[in-house]
Amino acid sequence: MNIDEKEINNFDSFAHEWWNKRGPYKLIHNLTPLRLEYIQSHLNIKNLNILDIGCGGGILAEELTKNGAKITGLDASKKTIQVARSHAKEKDYDINYLDISLEEHIKKSKTKYDAVVCFELIEHVPNQLKLIKDISSICKKDGKLFMSTINRNIMSFVFAKVMAEYILKIVPEGTHQYKKFIKPSELAKILELAEYSIDDIKGIKLNPIDYKFYYSSVTKINYFMTATKR
């Protein structure tokens with residue numbers, strides 16, 4: 001199974017903090033408006049069936065739902081999905097949350113999605129090519145895939161790993177493994193092998209004063225990528 005149990009255990013330990021906007025997932029809350037804007041700049045999501053893989057506590061899933069999409073959220077952390085379900089129930093959002101792996105979902109469902117969102121997940125799985133090929137198998141022809149991840153270089157090591165986890169402590173320690181960071185050229189090659197055509201790549205920058213995110217022409221650290229299923 002394409003899951004790193006150490007990664008899942010790490011996320012389980014912070015599951016109760018997902019909706020604490022000042023807690024360890026503060027940056028996810030701050031990044032969500034830009035994530036939503038990026039998706040909507042490429043696709044009218046209203047009434048589309050969208051799969052959010054690695055949905056966490058449902059922060060983006062709820063925003064997509066509020067904007068008219070029909071969301072299925074997957075996460076292998078059962079504690080995290082419990083939090084997501086509970087919060088959605090409080091807000092009366094109809095979101096289909098599943099605490100299973102992508103491989104299990106593929107076996108159990110014949111659904112083909114209009115779009116798939118895979119943000120900050122590929123750097124947490126053992127087999128990155130398998131992840132993308134699995135996504136391709138459940139994406140409709142001409143469907144969109146939205147990804148975000150972390151580049152692999154000295155800058156990303158210093159800022160996304162050392163600074164974020166150990167100095168500024170704005171991300172839980174152990175969240176990232178540098179060896180799993182992936183260069184845009186490597187991700188593009190994997191996507192092309194999985195029958196996707198690259199539409200766009202855009203850098204993301206963090207303002208260290210207010211911790212807000214903005215688009216950037218530089219992809220040295222975090223970046224978005226959009227692709228279309230051929």
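This is a short walk through the strands, cores and aromatic pairs of one chain. The model is a predicted one, and every value I quote is computed from it.

I will start with strand S1, residues 49-53. Four of the five residues of S1 are buried, so the strand is largely enclosed by the rest of the structure. What does S1 pair with? S1 and strand S2, residues 70-74, are parallel and share five bridges. Within that pairing, Ile53 has Leu74 in S2 as its bridge partner. The route from S1 to S2 goes through helix H3, and this β-α-β crossover is right-handed. S1 also runs parallel to S4, with three bridges joining them. There, Ile50 stands opposite Ala115 of S4.

Now the helix in that crossover. H3 covers residues 59-66, and six of its eight residues are buried, so this helix too is largely enclosed by the rest of the structure. Which residues of H3 are buried? They are Ile59, Leu60, Ala61, Glu62, Leu64 and Thr65. Note that Glu62 and Thr65 are on that list along with Ile59 and Leu60. The cover over these buried residues includes helix H2 (26-42), S1, S2, helix H4 (78-91), strand S3 (96-98) and S4. Just after H3, Gly68 has a positive phi of about 100°.

Next, the nonpolar cores. As general background, nonpolar side chains in soluble globular proteins tend to be buried together. In this model, the largest nonpolar core has 32 residues. The residues with the most contacts inside this core are Ile39, Ile50, Leu64, Tyr97, Val117 and Phe146. H2, H3, H4 and S4 each supply at least two of the core's residues. Which element gives the most? That is H2, with six residues. Val117 is worth a look on its own. Leaving out residues up to four places away in sequence, Val117 touches Ile39, Ile50, Leu51, Asp52, Ile53, Leu60, Leu64 and Phe146. So that list takes in Leu60 and Leu64, which we met as buried residues of H3. Apart from the largest core lies another one, of 28 residues, including Leu121, Ile132, Ala194 and Tyr196.

Last, the aromatic rings. How many aromatic pairs are there? The count is eight. Take Trp18 and Tyr25: their ring centres are 3.8 Å apart and their planes are at 5°, so this pair is stacked. Trp18 counts as buried because its relative accessibility is 8%, and Tyr25 counts as buried at 5%. Phe119 and Phe224 make a tilted pair, with 5.6 Å from centre to centre and 50° between the planes. Where do these two sit in the chain? Phe119 is in strand S4, residues 113-119, and Phe224 is in strand S8, residues 222-229; they are 105 residues apart, and the pair links distant parts of the chain. Phe119 and Phe224 are both buried.

The two phenylalanines also belong to one aromatic cluster, made up of Tyr38, Phe119, Phe146, Tyr215 and Phe224. Phe146 in that cluster is also among the residues with the most contacts in the largest core. As for Tyr215, Lys202 lies over the face of its ring, at 5.5 Å from the ring centre.

Methods: Residues are numbered from 1 along each chain as its sequence is written. This is a predicted model: local features need pLDDT of at least 70, side-chain atom pairs count only at pLDDT 80 or more; totals for chains, interfaces and linings use all residues. Side-chain values use heavy atoms; hydrogens and water are left out. Rings of Phe, Tyr and Trp (its six-membered ring) pair if their centres lie within 6.5 Å; planes under 30 degrees apart count as stacked, over 60 as edge-to-face and the rest as tilted. Buried means under 20% relative accessible area, exposed over 50%, partly exposed in between (1.4 Å probe, protein chains only). A charge sits over a ring if NZ of Lys or CZ of Arg is within 6 Å of the ring centre and within 35 degrees of the ring normal. Contact means heavy atoms within 4.5 Å. Two strands pair if DSSP finds at least two bridges between them. A crossover is right-handed if, with the strands pointing away from the viewer, the path from the first strand over the helix to the second runs clockwise. A nonpolar core is a set of buried Ala, Val, Leu, Ile, Met, Phe, Trp, Tyr and Cys residues joined through side-chain atoms within 4.5 Å.
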